[in-house]
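Got your viewer open and a coffee to hand? Let's walk through this one stop by stop, selecting as we go.

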Amino acid sequence: MAEEEKKMVETVAPEAAKTAKVKGKKGKRVVTSGQVHVQATFNNTIVTVTDKNGGALAASSAGANGFRGSKKGTAYAAQVAAEKALETAKREHGLNSVDVYVSGIGLGRDSAIRAVSTVGIKIDSITDVTPIAHGGVRPKGERKP
C-alpha cells in the first residue's frame, strides 16, 4: 500500500507543475499628462513627477544627484534634480504636459520650473501650495484671562 501512495504522489506533482502559469513582466504605463511636485526648502529641493492621481512616476532631489551640504539648497542643484526626474518620466512613461505644484520658499523654486520647459515638457499650470500659518484653531480648555 505504501508503494501505491508513492506512485500517486509522483503522478500528482508533475501535473501541478504543468498547470502553474508564469506571469510575464508588466509593461511601463504610458502617461501623457501628469503633475510635477517641487518641494523647495532652504536645505534641499525634492522634485516628484506623478500621474494625475498622484501616483509617483519618477523622483529626484539635489542630494540624490551628488550635491552635499549647503550646495543642496542652491538653484543649480534644484535645476539638475528637476531635469533628471523629468528626463526619466519622459523616457519611461512618455510624459509631455504637466501641472506644476510648488511648495516651500527655497532657492530652487524658479529654477525647477524653468527646468521643466528646457526638458521639452509643456507646462499647463503653475500652482503655489505652500502652507500659510494662521494661528491655528482655539486650544482645548478654558480661556486664559
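**Start with the surface**

Show the surface of the protein chain before anything else: it exposes about 10200 Å², with carbon and sulfur atoms supplying 56% of that. Keep in mind that you're looking at a predicted model. Of the chain's 145 residues, 30% count as buried.

**Switch to cartoon**

Now colour by secondary structure. You'll find 3 helices and 5 strands, and if you trace them from the N terminus the elements go α-β-β-β-α-β-α-β. Among contacts in the chain with a separation of 6 or more, 63% are between residues 24 or more positions apart.

**Select the strands**

What order do the strands take in the sheet? Reading across, it's β3-β2-β1-β4-β5, an open sheet with mixed pairing. At the edges sit β3 and β5 (122-128), each pairing on one side only. From one strand to the next, the twist averages 15°.

Zoom in on β1 and β4, which pair in the parallel sense over 7 bridges. To see one place where β4 is bridged, pick G34: its bridge partner there is V98.

**Bring the helices back**

Next, turn on α2, which packs on the sheet and touches β1, β2 and β3. Its direction makes about 155° with that of β3. Then add α3, lying across β1, β2, β4 and β5 and running at about 165° to β5.

**Look inside**

Time for side chains. The largest nonpolar core has 22 residues, and V36, V49, L86, L95, V98, V100 and I121 are those with the most contacts inside it. Elements giving two or more residues to this core are β1 (33-40), β2 (45-50), β3 (56-61), α2 (75-93), β4 (97-103) and α3 (108-119). As a rule, nonpolar side chains in soluble globular proteins tend to be buried together.

Centre on I121. Which residues does I121 contact, leaving aside neighbours within four places in sequence? They are L86, K90, L95, N96, S97, V98 and V116. Of these, L86, L95 and V98 also appear among the core residues with the most contacts.

**Last stop: a ring pair**

The aromatic pair count comes to 1, so show F67 and Y76: their ring centres are 5.9 Å apart and their planes are at 80°, which makes the pair edge-to-face. Is each ring's residue buried or exposed? F67 is buried, with a relative accessible area of 15%, whereas Y76 is exposed, at 54%.

Notes
Residues numbered from 1 in each chain as written. Predicted model: local features only at pLDDT ≥ 70, side-chain atom pairs only at ≥ 80, totals over all residues. Heavy atoms only, no water. Core = buried A, V, L, I, M, F, W, Y, C linked by side-chain atoms within 4.5 Å. Buried < 20%, exposed > 50% of the residue type's maximum accessible area, 1.4 Å probe, protein only. Helix = DSSP H or I, 4+ residues; strand = E, 2+ residues; numbered from the N terminus. Contact = heavy atoms within 4.5 Å. Areas by Shrake-Rupley, 256 points an atom, 1.4 Å probe, with all protein chains shown as cover. Pairing = 2+ DSSP bridges. Axes fitted to C-alpha atoms, helices over the stretch in contact; angles between N-to-C directions. Phe/Tyr/Trp six-rings, centres within 6.5 Å; stacked < 30°, edge-to-face > 60°.
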